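Please open the model in your viewer and keep the selection tool at hand. The tour moves from one selection to the next and says what is there at each stop.

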Amino acid sequence: MTTAGSQSDAAVQFTRPLRLTFRDDLSSTLLSWLVKSFLFVVTFCSVAAVLLIFVFVIRQAAPFFAESRVSPLERLTEFFTSRRWFPEHQAHPEYGILAIIAGSFYVTITSLLIAVPTGLLAAVFLSDIASFRTRQICKPLIEILAAIPSVAYGVFAVMVVAPWLQKNIGFPTGTNALNASLILSVMAMPTIISVAEDALSAVGREIREASYALGATRAETMLRIVIPAAHSGILAAVILGMMRAVGETMVVWMASGNATQIPSPWWDLSQSVRTMTATIAGELGEVPQGTTHFHSLFAIGLVLLIFTFCLNLLSEHFIMQMKKPKR
Amino acid sequence: MTLWRQIKNTLFTALCSGSVLFLAATLMIFLLPMLWKGSKAVFFRKTVEFDKMQKELFKRGHAEDLERRTAQTNQARQEALALLEHFSRGIDTALLSREVRSAYQQLGRHLRYLEVSDDEYARLREQAKDIRDAFLQALETTDKAEAESLLDTVDAQQTNPRFQNSPFEVVFSLSKQYRQILQEIDLSRRPEYAAELDIVKTEMRNLFGPLPGESIPPLPQDRFGATRWDVAQRHLQYLIYQTKWVPSGKDDKRLIPKQIRRDDPEEGIFGKTELAPLFSMVEQNLAAMLQPRPTIYWRYFLDDSTAGHYFGGVGPEVLGTLLLTVLSMCFAVPLGVLSAAYLVEYAAGGITTRIIRTCINTLAGVPSIVYGLFGLAFFVLLAGNPSILSASMTLALLVLPVIIRASEEAIRAVPQSYKEASLALGAGKFRTFLTVTLPAAGPGILTGIILSLSRAAGETAPILFAGAVALGPIPDIGLHLKWLFQPTRALSYGCYDITVGDRLAMQVPHNQFGMVMTLILLVLLLNLAAVLLRWRMSKKLQGL
């Protein structure tokens, strides 16, 4: 193709008045509508997935509550108020998950007690103290901490932490609530740090500067001004960290000892506990499908699902609040 | 007052920096031991037994070289093994009594062969029977004097010409042997000796494989001695030292364990016996007996494992994890990227978009074990049996929100001017997205994909019930697609199983940590790739 020819062609094309025929117009409109609806359908898959998860977990959990021998109300009362979890008993199986829920709370709360202060301080460091270069180094570090698979943490808990606890602290068993909480706190920290840092950074520069101008030190500025201003985002961070800890399976299954009990002096973390996730993971592989025990595990899953769903809505609410412009 | 505020401020800064340092320390405390212990699965000193194992189970190695080394080591071991065999004859009376019995039976056959008269035959049999019984009694008694007098009655018959040059002659040489043994050991402690000798024999088997004269064991892990030098050292300790419970010094009620050498002249159980030289012999010549050599067993990442995870590597697990993650990406990436495109380019901020966003967040927040439940209830109960397909679809759901978020961010980061230029040239919205926005956002999306690959590789709970098995055949990948419907091994589930579930694996900690190290390395590599990609991207953006 010669240059002169192409130039003249282009000139001809551009001099043509830009008018679409009706067919062109229709087809392009139709096409863009088609594309849009196709994309919408694809996007709707996520919604469908959430619905499907709910539907299928509920469908498998329903027979547990609707079993003919016991009335649903009795079942429900036993489920949430009894501490006795003996689903395999031949004559009188018992399905009380109070101790299991308590176990979940024990490890979650303890891990948060460690993870929230540390994570918050680390977030302050990253958002306000660290130089750009330090942050460039710290960020991947925290990402790696988040990326390490939970089962690897679990192996660490069983093979390294548990013998250490047993030998050096003198616990009767190394796999206990404390072990699981320690590891969980490490796992929840990256989430807490990244969300809290976002929240702290979202607080405007003017607010900090105003505080400094009044002669406040950095500690005072952060503790009295910035952190209170970022409270909704920090709450969201705590909730997201909590979700991570509650939903974590492999670590608690491997490290918590799996004893269905509420520690008897309530503060005694050296005792073994069992969480909801560990119960499902440990028992579902061995029960025959369609038995009451099988459905009861789905009921535990449903409790877990509803709990995390509520937490999620809550965290979303707080994040929305955080994103609302304050300036 | 000002000073106090200064101190508080410094303290606060120190605490903040300290918490980050704490995190770094935690990472190191976690990573270093795991990687160090895991690296022993690849870098170690192999012994000749390792080469034998590789030859027999994996069909590799030089046959001639191995033969030469086997001959060398066998020669080095010979003396110790002979000593053990000789001594165990005295303790293990079953062996002696079997030999005596068989000599008696052979005598019968011998006499029939000589065609002696029936009278003579009966008389000799009777005599031989008396000798045999006396010998057996001597073997059983724990009284030394009685045993010796019984042996005397046996030996009295030695001159009987009928027994000379017959199979029964061996009885007299056995009697001589046993007499010698009687001098060396304390008969009353024989059961004790027998128990300890069993341990010694087990440890010798653990070090050098089956003892001479034993049949080849059916289980692969019993067929070879210590394949690694560190394992050999451990078994050497077990061989040499016994644990004795002795009263502690302060109050005599409590017993404390004490390690003493088995050949200790005062306390050791074999101290005053003929077996005593064995221990120092093995201790000093272990290197010659096993020929340790440093090696890099890089095939660990590719090899199948035999007898559970006892020998071999993590090849099937790596393959399974790759299959699962790649397949799950095949489902999740198109869905995720297109969803992100819709959310960025098309979605108006209406109630529909909010619902979609809430659902994506919910999906990200669903506990992984609930994905496992869902995978079981939906994919498995629908499809029939746990399989690679159901497991990877479950994983795809799990990483979908990660991909959507990463892609969304990447697409949003594309400068508006790019899109405007494309739109101004007359391209439609979707065409602009496909030809301009997507390539520009490509590295960012790729980063998200790599990160979700690492997430999918590490997740265990979702695939617990959906298609992961601890041990099973390697999926044979091919166009027939049957492998999609088989369960597979996976690194993540393997890590769980090898540390908690597998009894046999407890004996091989290097393999336990090796598998975890493989998983951690895989995840770290993927993350490193993502970091590098992001770094290059930011440099490119700065260059613009």
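What follows begins with chain A as a whole, then goes to single residues and pairs in chains A and B.

**Chain A, confidence first**

Bear in mind throughout that this is a predicted model. Select chain A and colour it by pLDDT: the mean is 85, and 93% of the residues reach 70 or more. Among the elements of this chain, helix 4 (residues 98–129) has the highest mean pLDDT, at 92, while helix 1 (residues 3–15) has the lowest, at 47. Narrow the selection to residues 1–8 of chain A, where the pLDDT is below 50 and where, beyond near neighbours in sequence, the stretch has one contact in the model.

**Chain A, overall form**

Return to the full chain and show it as a cartoon, in which the secondary structure comes to 13 helices and two strands. Along the principal axes, the C-alpha atoms fill a box of roughly 90 × 65 × 40 Å. The radius of gyration of chain A is 28 Å, whereas a compact globule of 327 residues would have one near 20 Å. Even so, buried residues make up 51% of the 327 residues in the chain, and of the contacts in chain A with a separation of 6 or more, 68% are between residues 24 or more positions apart. With the surface switched on, chain A exposes about 16100 Å², of which carbon and sulfur atoms supply 66%.

**A nonpolar patch on chain A**

Keep the surface on and select A:Phe22, A:Leu26, A:Leu30, A:Leu31, A:Trp33 and A:Leu34, which form a nonpolar patch with about 700 Å² of accessible area together. Centre the view on A:Phe22, which is placed in helix 2 (residues 22–65) of chain A. Is this residue, A:Phe22, buried or exposed? The relative accessible area of A:Phe22 is 65%, and the residue is therefore exposed, since the cut-off for that class is over 50%.

**A salt bridge between two helices of chain A**

Side chains of opposite charge can pair when their charged atoms come close. Over all chains, the count comes to 25 salt bridges, and a good one to select next is the pair A:Arg208 and A:Asp128, whose side chains meet at 2.4 Å, N to O. A:Arg208 lies in helix 8 (residues 205–213) of chain A and A:Asp128 in helix 4 of chain A, so the pair ties together parts that are 80 residues apart in sequence. A:Arg208 is buried, with a relative accessible area of 10%, and A:Asp128, at 18%, also counts as buried.

**Salt bridges in chain B**

Move to chain B and select B:Glu196 with B:Arg262, where the side chains meet in a salt bridge of 2.6 Å, N to O. This pair links distant parts of the chain, 66 residues apart, with B:Glu196 in helix 8 (residues 190–208) of chain B and B:Arg262 in the loop between strand 3 (255–261) and helix 11 (276–290) of chain B. Both B:Glu196 and B:Arg262 are buried.

Add B:Lys46, B:Asp51 and B:Arg69, which salt bridges with shared partners join into one network. Within this group, B:Lys46 forms a salt bridge with B:Asp51, and the closest N and O atoms are 3.3 Å apart. B:Lys46 is buried at a relative accessible area of 18%, and B:Asp51 counts as buried at 15%.

**Two buried positions in chain B**

Select B:Asn511, which is placed in helix 19 (residues 509–543) of chain B and is buried, with a relative accessible area of 5%. Which residues is B:Asn511 in contact with, leaving aside its neighbours within four places in sequence? They are B:Ala41, B:Tyr300, B:His309, B:Tyr310, B:Phe311, B:Gly312 and B:Ile498. B:Ala41 is 470 residues from B:Asn511 along the chain, yet their C-alpha atoms are separated by 5.8 Å.

Finish at B:Val100, found in helix 4 (residues 93–114) of chain B, which counts as buried at 0% relative accessibility. Apart from neighbours within four places in sequence, B:Val100 is in contact with B:Arg132, B:Phe135, B:Val171 and B:Leu174. A distance to draw here is the one from B:Val100 to B:Val170, 70 residues apart along the chain, whose C-alpha atoms are separated by 8.0 Å.

Technical notes: Residues are numbered from 1 along each chain as its sequence is written. Chains are lettered from A and ligands numbered from 1 in the order in which they are written. Side-chain values use heavy atoms; hydrogens and water are left out. Patches are made of residues with over 30% relative accessible area and no salt bridge: like charges are joined within 9 Å, nonpolar side chains (Val, Leu, Ile, Met, Phe, Trp, Tyr) within 5 Å. Accessible areas come from the Shrake-Rupley method with a 1.4 Å probe; for residues, only the protein chains shown count as cover. A salt bridge is a side-chain nitrogen of Lys or Arg within 4 Å of a carboxyl oxygen of Asp or Glu. Helices (H or I, at least four residues) and strands (E, at least two) are DSSP runs, numbered from the N terminus. Buried means under 20% relative accessible area, exposed over 50%, partly exposed in between (1.4 Å probe, protein chains only). pLDDT is the predictor's confidence in each residue, from 0 to 100. Contact means heavy atoms within 4.5 Å. The radius of gyration is taken over C-alpha atoms; the globule rule is 2.2 Å times the number of residues to the power 0.38.
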